[in-house]
Amino acid sequence: MVRRVCDDARMSEAFDAVDVIVTKRDRHELSDEQIRWVIDAYTRGVVADEQMSALGMAVLLNGMTRREIATWTQAMIASGERMDFSGLSRPTADKHSTGGVGDKITLPLAPLVAVFGVAVPQLSGRGLGHTGGTLDKLESISGWRASLSNAEMLAQLDDVGAVICAAGSGLAPADKKLYALRDVTGTVEAIPLIASSIMSKKIAEGTGALVLDVKVGSGAFMKTVDQARELARTMVALGTDAGVNTVALLTNMDVPLGLTAGNAVEVRESVEVLAGGGPPDVVELTVRLAQEMLQAAGRGGQDVAAALADGRAMDAWRRMIRAQGGDPDAPLPVARHTDQVRSPTDGVVTILDAYAVGLAAWRLGAGRARKEDPVQAGAGIELHVRPGAVVRAGEPLLTLHTDTPERFERARAALDGGIVIAPEGSRPDLLPLVIDRIDAGDAA
Ligand code: URA
């Protein structure tokens, strides 16, 4: 009986999932109709997880044309609601990072851009695996709330000019389902699927301008500059075609950003940047991304660094945190236990591997293995050195923080081979912090 109902339902469908899978498996282009149907039918539960997994793997292996990626992205947008900021009195600009270790840039960046009259609707996520999540970091601030209604978000954008919050479940629900499936079927790394996943959410969010920070290196999804450039070009083309003024920076993720990786430790460092201090690489990238966002929103040519030095960005941060129930003056959580990793020898730090540091921070409790897991607010890593530092035997390189000291051993194991001390006189071989910039002209 049940089976007949299912057969009847399938007969009323425009396509058959197996035909769509076989088309891509045999390296043919999917038609717009096939793509729209398969995304819609998967969201409705008519296409099964195992069928979508097979299609995802065929896409990973055989790729997609620009037209296929654009239609796939539009279909994912159409699976849910679209937000509308056209009623705001200021232009909007957003930033999206493809994810890295120690990447706390959103925290100082959103209030900094708001200082210059551009509204920042920053829908962010939680960490999974070795890369941290912006919401997990902010939740280490007492009282701060990640979930806002659309009306609350709009009111805060009008009043404060910046909001960092969780994306509502109505935005691109097809992507939510597909991303969870990709995570467990080895298909996260497909460039067409990453590009459509990120851009469907950003276009549905309704921002007028978008700056993409595409990370390259050991701590990023994209391990090579060529892969990152292809991803950046694809995303810039998708944004531009959808009427969003989109640019991308390719930035170095072979080394963690700044001197902290974790949750509360990264908030503390972000507050240092907002107070006019902080590590030079975090300041440089924050200022560069702010300049790009302001330019993309039609407000370029401002002295962005001055707003960090004179306290205007800090004022905007405090208002933004308070508007979401947080107390910007509350002490940040501190882990109950620390342990130090010391240099085994005299020499020069030539490698400080972002992936190793991210994995160690995760194992200390800063990240989660499953999306339901809690994170430890105080867990993480403080770096006392950067590549190029001259060190003596026994000098501290890192401090590990956790509430659960039995985690130290596995965290230390993650760091094995991740820190290289070469003989004095050696130099690290590093890519620059900002490697390249891709705009609509490069993506065409
Ligand atoms: N972030 C996303 O939102 N989607 C991806 O596919 C990868 C990173």
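This is a short tour of the ligand site, one cavity and one pocket in a predicted model.

**Stop 1: the ligand**

Start by selecting the ligand and the residues around it: Tyr179, Arg182, Ile194, Ser197, Ile198, Lys201 and Phe221. Sorted by class, that shell comes out as 4 nonpolar, 1 polar and 2 charged residues.

Now show the side chains as sticks and go through the polar contacts. Which ligand atom does Ser197 approach? Put a distance label there and you'll find a polar side-chain atom of Ser197 2.7 Å from a nitrogen atom of the ligand. Next, hop to Arg182, where a polar side-chain atom sits 2.9 Å from an oxygen atom of the ligand. Then click on Lys201: an N or O atom in its side chain is 2.4 Å from an oxygen atom of the ligand.

Switch on a surface while you're here. On its own the ligand would expose 240 Å², and the protein buries 89% of that. To see what supplies this shell, colour helix 9 (173–183) and helix 10 (191–205), the elements that give two or more residues to it. Helix 10 is the top contributor, with 4 residues.

**Stop 2: the cavity**

Leave the ligand and go looking for enclosed space. How many cavities of 30 Å³ or more does a search of the whole structure find? There is 1, and the largest cavity holds about 120 Å³ of space. Select His130, Thr131, Gly132, Gly262 and Ala361 to get your bearings: of the 18 residues lining the cavity, these are the closest to its centre.

Two elements are worth colouring here: strand 6 (260–262) and helix 16 (354–366) each give two or more residues to the lining. Helix 16 gives the most, with 4 residues. Colour by domain as well, and you'll see that domain 2 (93–330 + 434–443) and domain 3 (337–422) each provide at least three residues of this lining. By class, the cavity lining has 5 nonpolar, 10 polar and 3 charged residues.

**Stop 3: the second largest pocket**

Keep helix 16 highlighted, since the last stop uses it again. Helix 16 also makes up the largest share of the lining of the second largest pocket, with 3 residues. About 220 Å³ of space lies in this pocket.

To outline the pocket, select Trp362, Arg363, Gly365, Gly367, Arg368, Ala369, Asp373, Pro374, Val375, Gln376, Arg407 and Arg410. Try colouring that selection by class: the lining has 4 nonpolar, 3 polar and 5 charged residues. Among the residues to click on here are Arg363, Arg368, Arg407 and Arg410.

Conventions:
Residues numbered from 1 in each chain as written. Predicted model: local features only at pLDDT ≥ 70, side-chain atom pairs only at ≥ 80, totals over all residues. Heavy atoms only, no water. 1 Å grid on protein atoms, 1.4 Å probe; cavity = no way out; pocket = protein on both sides within 12 Å on 5 of 7 lines; lining within 4 Å. Points joined across faces, edges and corners; volume = space filled by probe spheres on them. Nonpolar A, V, L, I, M, F, W, Y, C, P; charged D, E, K, R; others polar. Domains from an automatic or database assignment. Near = heavy atom within 4 Å. Polar contact = N/O pair within 3.5 Å; in protein donor to acceptor, adjacent residues only side chain to side chain. Areas by Shrake-Rupley, 256 points an atom, 1.4 Å probe, with all protein chains shown as cover.
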